[in-house]
Amino acid sequence: MDVTENEPQGAPRVVRLEDYTPPAFLVDALELTLELDAADTEVTARMMLRRNPAARADRTLVLDGQELELLEMRLDGALLADGDYALDASLLTLADVPDNFELQIKTRIHPHTNTALEGLYLSSGMLCTQCEAEGFRRITWFPDRPDVMTTYAVTLIAKRDSYPVLLSNGNLVDQGEYDGGRHFARWHDPFPKPSYLFAVVAGNLHCKEDRFVTRSGREVTLRIYVEEENLHKCDHALVSLRQAMRWDEQTYGREYDLDIFNIVAVNDFNMGAMENKSLNIFNASCVLASPETATDDDYYNIQSIIGHEYFHNWSGNRVTCRDWFQLSLKEGFTVLRDQQFSADLNSAPVKRIDDVNVLRTHQFAQDSGPMAHPVRPAEYMEISNFYTVTVYNKGAEVVRMLQTMLGDERFRAGTDLYFDRHDGQAVTTDDFVAALEDANGVDLSQFRRWYSQAGTPELHVSSVHDAARRTWTMRIRQFTPATPGQPDKAPFHIPLRIGLLDMQGQSLPLRLQGETGSDGPPARVLELHEAEQEFCFTDIAEPPVPSLLRGFSAPVKLVMERADDELAFLLAHDPDPFNRWEAGQQLAVNTMRRMIAAYRKQRKLELDADFVEAFRKTLLNEQLDKAFLARALALPAEAYLADQCEVVDVDAIHAVRLFVRREMAGALVDDLLYAYEANQDTGPYAFDAAAMGQRALKNLCLAYLMELDDPGVRERCVAQFSQAHNMTDTLAALGMLVHHDLPATHEALTVFYEKWSQDPQVTDKWFALQAGSRRPDTLARVRELTAHPAFSLTNPNKVRALIGRFCVGNPVRFHAADGEGYALLREYVLRLDSLNPQIAARLVQALSRWRRYDERRQALMQKELEVIVEHPRLSKDVYEIASKSLA
């Protein structure tokens with residue numbers, strides 16, 4: 001890249017997909033020697049290069065680098081002088097090089113000053129790397145792009161007393177001692193990989209070890225490296241890793257390919273985890289768990305993330321992306337794989353609800369804002385800004401649609417062909433779709449628009465029942481709103497899973513007009529291709545109740561008129577769990593939208609009795625899974641409600657949602673108390689679907705009850721906080737208390753911190769709970785906590801827990817009418833920008849949809865964005881988000 005990280009910004013260079021060209025040179029082998037030291041690390045890179053026959057003839061070699069001190073360079077052994085090459089802040093250029101040659105480069109880097117946490121950096125006394133997307137250029141000069149796949153041989157040298165453990169990719173082939181208390185380790189990875197998968201860890205670490213025997217009988221050593229005090233928190237991650245390895249063999253036929261698989265937990269990490277070949281580096285919060293320190297959600301997420309990073313061994317490592325525009329090739333497919341893994345091991349309906357909740361709350365919002373982009377972006381200034389819910393979560397939905405249309409067996413045939421055809425290659429999303437086409441003899445040309453067109457399609461549905469002809473006709477019009485750079489949209493290829501119910505809640509057979517044979521199936525997938533289509537079903541005697549978009553078969557918005565009684569009917573009877581949940585959510589949205597309108601007109605709020613009754617029946621339905629019940633009884637989040645409004649009135653949304661919670665608690669108090677007591681868990685902690693569902697339902701009931709001004713309920717909450725034997729229940733109770741200004745709240749926060757002050761993952765929870773409080777003094781408390789000794793601006797987890805949680809997860813306080821929340825965000829974005837631009841850029845996105853608010857808030861947010869954009873030496877990370885938000 002030709003814009004350094006903190007160069008003064010005007011208009012950073014835009015990188016475009018249409019400008020892609022193959023690399024002029026390939027690197028067949030790379031030998032790296034790192035003499036590790038926190039202050040000064042010397043890196044010697046010896047690479048074997050050859051001209052790429054697929055590229056245009058060019059005798060100029062261009063290498064990427066950033067914040068490197070060049071010490072020496074040799075071409076085929078000959079020392080190069082200053083005049084033999086051109087060097088600037090980000091590029092090293094050698095003209096007129098041979099077709100095949102050896103290049104040796106020696107550089108010096110300074111890990112202890114690397115606060116961006118890209119490349120090689122220092123974390124809690126250990127040295128570790130993060131090279132995706134463009135971090136390897138901070139280690140040595142190299143063609144740092146994913147389509148240059150190379151075999152790596154790595155020698156690590158360090159003082160044994162400082163860094164007794166030395167890890168890199170592949171298999172350990174040699175280790176030994178040097179003079180002066182130094183030792184070395186040599187690692188070799190036989191599989192070619194792009195530079196973003198390179199990894200090194202050096203530190204005083206201890207490991208928990210296990211074994212896994214593959215289906216072909218090979219034994220693989222599994223190790224999780226942590227600080228000694230965290231060894232007891234590794235068991236769940238090891239179990240999850242074994243589960244993932246077996247699941248991938250059984251579901252996708254993918255077997256692990258090396259002798260060892262290492263995971264390292266790191267406290268300072270920009271992401272959740274990184275799939276480096278055979279050496280996964282994890283944010284400690286995504287790998288460490290014990291019942292006393294981790295919640296059900298933590299356990300669940302750890303299982304999912306362990307699976308995700310392991311699955312990358314094939315969908316990302318063995319087959320990788322040609323360029324960063326193809327990021328969803330590996331991430332979208334792998335997110336789908338980890339979602340399937342979690343669904344198979346836990347509750348599939350609940351997993352689907354949770355995944356769709358993330359998509360609709362965050363990705364749909366991104367699609368309707370200034371940062372809207374296709375699953376395969378067409379351009380970027382800074383690629384780190386495109387590790388988004390669109391690329392990941394919508395990308396997963398795109399692959400899921402392919403599976404829905406092809407069916408499991410044909411989809412598996414397509415993925416088998418994809419892996420076999422492209423093993424060891426860097427490819428594109430078109431290559432992935434082509435493998436599915438070729439394996440099944442289908443044409444997916446129109447489907448490819450999901451990769452190139454941004455935006456969330458809307459399906460406008462109407463229907464007519466003809467009693468005389470016994471037909472029911474459904475008309476569907478698809479429309480996708482304009483997005484930046486894409487004013488007009490072509491129709492998508494959309495799978496729509498549907499069912500029809502009679503008035504007793506029974507499924508009707510679905511037979512389309514013109515079909516012959518016996519009764520049709522009770523559910524089927526329709527495929528939409530046109531801007532407008534009709535589907536006529538026969539033998540429908542009475543007007544049915546349609547159940548559409550079952551399982552959320554496509555990432556679209558369904559637009560159709562639904563009466564409240566029809567939604568209540570589906571909530572009670574729909575056999576599709578997702579649509580049953582969705583009916584309750586839509587009923588709640590309709591109810592609260594009417595109340596928001598009343599609130600803005602200063603009318604008295606009243607909660608419809610039928611709405612309460614529908615939720616009462618759901619609560620008392622003993623046939624339903626308890627985890628499902630907890631989701632079905634939860635009201636839509638304020639952020640999701642905001643997206644249903646033309647102009648976001650944060651105060652009205654918050655007041656109405658709180659009013660509904662209090663009214664429901666009052667009307668259902670006896671039922672909620674009964675459910676709370678009936679779901680008490682007195683045994684040892686268990687991580688399984690039944691136990692998690694029981695805790696989720698119990699804590700949801702207590703959260704509703706805590707909206708009442710009832711001393712007895714508060715005593716129950718304090719008792720749960722004090723007596724709980726697991727972090728799930730402890731944190732749930734504390735999370736309810738923080739919304740109330742009570743002596744018990746202050747005491748509980750003090751007790752909690754004093755008990756867990758030495759555990760960074762638990763103190764993150766302590767910060768986050770207070771940042772998410774709805775109390776009016778929350779902003780003042782957040783500012784106070786930024787001076788707390790446990791808070792560090794250089795630790796991404798702490799920033800996310802405190803600043804991020806307040807700005808993204810507490811809309812009523814962040815969007816306070818005085819604009820002080822926006823000022824806090826601007827202040828910390830600019831402070832972080834010089835330290836860690838990635839984290840700063842993620843924060844500034846909280847202002848990106850400023851045009852959706854009232855005029856006063858718009859002006860306040862716009863002002864802060866303008867201050868940010870005009871700041872001298874702004875990183876391209878932040879500049880891209882802020883400037884696009886203002887455009």
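Visitor: What makes strand 18 and strand 19 a pair?

Guide: Five bridges join strand 18 (residues 219-226) to strand 19 (residues 260-266), and two strands count as paired if DSSP finds at least two bridges between them. The count meets that cut-off, so they pair, and the two run parallel. Ile224 stands opposite Ile263 in strand 19. Strands here are DSSP runs of E with at least two residues, helices are runs of H or I with at least four, and both are numbered from the N terminus.

Visitor: And what am I looking at overall?

Guide: This is a predicted model, where local features need pLDDT of at least 70 and side-chain atom pairs count only at pLDDT 80 or more, while totals for chains, interfaces and linings use all residues. Residues are numbered from 1 along each chain as its sequence is written, and side-chain values use heavy atoms, with hydrogens and water left out.

Visitor: Back to the sheet, then. Which strands are its edge strands, and what makes them that?

Guide: The sheet is open, with five strands in the order 17-18-19-21-20 and mixed pairing. Strand 17 (206-213) and strand 20 (273-274) are the edge strands, as each pairs on one side only.

Visitor: How do you know that strand 7 and strand 8 pair?

Guide: Two bridges link strand 7 to strand 8 (residues 91-94), in the antiparallel sense. The rule asks for at least two, so two will do. Ala86 has Thr93 in strand 8 as its bridge partner. These strands belong to an open, antiparallel sheet of three, in the order 4-8-7. Strand 4 (61-64) and strand 7 (86-87) have a single partner strand each, so one side of each lacks a neighbour in the sheet.

Visitor: Why is the Tyr380 and Phe386 pair called tilted?

Guide: Rings of Phe, Tyr and Trp (its six-membered ring) pair if their centres lie within 6.5 Å; planes under 30 degrees apart are stacked, over 60 edge-to-face, and the rest tilted. The structure holds 39 aromatic pairs. In this one the centres are 6.4 Å apart and the planes meet at 50°, so the pair is tilted. Tyr387 and Tyr392 are tilted too, at 6.2 Å centre to centre and 50° between the planes.

Visitor: Is Tyr380 buried or exposed, and how do you know?

Guide: Buried means under 20% relative accessible area, exposed over 50%, and partly exposed in between, with a 1.4 Å probe and protein chains only. Tyr380 comes in at 6%, so it is buried. Phe386, at 2%, is buried, and Tyr387 is buried at 16%.

Visitor: What makes you say a charge sits over the ring of Trp314?

Guide: The test wants NZ of Lys or CZ of Arg within 6 Å of the ring centre and within 35 degrees of the ring normal. The charged end of Arg254 sits over that ring, 4.7 Å from its centre. Likewise, Arg337 lies over the face of Phe333, at 5.5 Å from the ring centre.

Visitor: How do you know that the length of helix 19 agrees with its residue count?

Guide: The expected span is 1.5 Å times one less than the number of residues. For the 14 residues of helix 19 (residues 743-756) this gives 20 Å, and the end C-alpha atoms are 20 Å apart, so the values agree.

Visitor: Why do the buried residues of helix 19 count as lining one face?

Guide: The buried residues are Thr745, Ala748, Leu749, Phe752, Tyr753 and Trp756. Seen down the axis, they fall within an arc of 125°, so they line one face; the arc is taken from the directions from the helix axis to the C-beta atoms. An α-helix has 3.6 residues a turn, so residues three or four places apart point the same way. The face turned away from the buried side of helix 19 carries the exposed Pro743, Glu747, Glu754 and Lys755. The buried residues of helix 19 pack against helix 17 (711-723), helix 18 (727-737) and helix 20 (760-771), with contact meaning heavy atoms within 4.5 Å.

Visitor: Why is helix 18 called mostly covered?

Guide: Eleven of its eleven residues are buried, including Met727, Asp729 and Leu737. The buried residues of helix 18 pack against helix 2 (296-311), helix 16 (689-705), helix 17, helix 19 and helix 20.

Visitor: What makes Leu549 stand out?

Guide: Leu549 has a positive phi of about 60° though it is not a glycine. At 6% relative accessibility, Leu549 is buried, in the loop between strand 30 (545-548) and strand 31 (557-559).
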